[in-house]
Amino acid sequence: FRVTCLERTAVDLACLLGYERAVALIDAALHAGADPVVLNRMVVNAKRRHGIGTVRAALAFADRLSESPGESISRVRMAEVGLPAPRLQVNIFDENGIWVARTDFGWLDRGVVGEFDGLVKYVGSPEEVARAVMREKTREAAIRRLGWGVARWNWQDLADRRAFHSLIEAAFDQASNRIRGHAEPA
């Protein structure tokens, strides 16, 4: 079978999409190992191709650390509503340097971490779903015990820009300034 390389496939597909989905696609390509230099060269060489402006903007915004479409579109939404750009894939450690958790997003200067909740981790038998929910609750409690504020959202929250902005701002307002331990971006 004749196929195109990852970079060419990503550019070709992203030309057909709107901005937020193009960001998710380019993020996924970068996460899968696409070469940003090759992607950029393809975009430059495409000149007036239909959709290339969207791809150019998506490539400028893309981040290989985004691990899911929900995370990518969350970043787009944050930028749209004027929220500060978060760090991605933040590792949280306790006061003894013991790793506690890795979060999707972190506003380290605000003492807040953020989590996009897709449905994938909540699929399975009722017992498996219950275990997943309990793991999430235990993990979040450990993060909160260290003084971090936690914001959680899902696809429905992303659909309402005003509510999404308010959700993150409320986490900023409620965050503790007494964080114990430290955080490190991936």
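These are my notebook entries on the helices, cysteines and sheet of a predicted model.

**Entry 1: the opening helices**

I began with helix 1, residues 6–14, and helix 2, residues 19–31. I looked up how they pack and found an angle of about 175°, with the axes 9 Å apart. An angle over 145 degrees counts as roughly antiparallel, and helix 1 and helix 2 are therefore roughly antiparallel to each other.

Next I asked which residues in helix 1 meet helix 2. From helix 1 I listed Leu-6, Ala-10, Leu-13 and Ala-14. On the helix 2 side I listed Ala-22, Leu-25, Ile-26 and Ala-29. I then sorted this contact by class: eight residues are nonpolar, none is polar and none is charged.

**Entry 2: the cysteines**

How many disulfides does the model have? I counted zero. To see why, I checked the sulfur of Cys-5, whose closest cysteine sulfur is that of Cys-15, 13 Å away. A disulfide needs the two sulfur atoms within 2.5 Å, so the distance of 13 Å is too far for a bond. Looking from the other end, I noted that Cys-15 is in no disulfide either, its nearest cysteine sulfur being that of Cys-5.

I also looked up whether each cysteine is buried or exposed. Cys-5 has a relative accessible area of 37%, so I put it down as partly exposed. Cys-15 has a relative accessible area of 5%, which means that Cys-15 is buried.

**Entry 3: the sheet**

I turned to the strands and found an open sheet of five, with mixed pairing. I wrote the strand order down as 4-3-2-1-5. Which strands are at the edges? They are strand 4 (149–153) and strand 5 (182–185), each of which pairs on one side only. I noted that neighbouring strands are turned against each other by 45° on average, direction ignored.

I took one pair for a further check. Strand 2 (residues 99–107) and strand 3 (residues 112–116) run antiparallel and are joined by three bridges. In one of these entries I traced Trp-107 to its bridge partner in strand 3, Val-112.

**Entry 4: helices on the sheet**

Last, I looked up what packs on the sheet. Helix 6 (residues 126–145) does, and it touches strand 2, strand 3 and strand 4. I recorded about 80° between the direction of helix 6 and that of strand 2. Helix 8 (residues 161–174) lies across strand 2, strand 3 and strand 4. I recorded that helix 8 runs at about 165° to strand 4.

Key
Residues numbered from 1 in each chain as written. Predicted model: local features only at pLDDT ≥ 70, side-chain atom pairs only at ≥ 80, totals over all residues. Heavy atoms only, no water. Axes fitted to C-alpha atoms, helices over the stretch in contact; angles between N-to-C directions. Helix = DSSP H or I, 4+ residues; strand = E, 2+ residues; numbered from the N terminus. Parallel < 35°, antiparallel > 145°, perpendicular 65-115°, else oblique. Contact = heavy atoms within 4.5 Å. Nonpolar A, V, L, I, M, F, W, Y, C, P; charged D, E, K, R; others polar. Buried < 20%, exposed > 50% of the residue type's maximum accessible area, 1.4 Å probe, protein only. Pairing = 2+ DSSP bridges.
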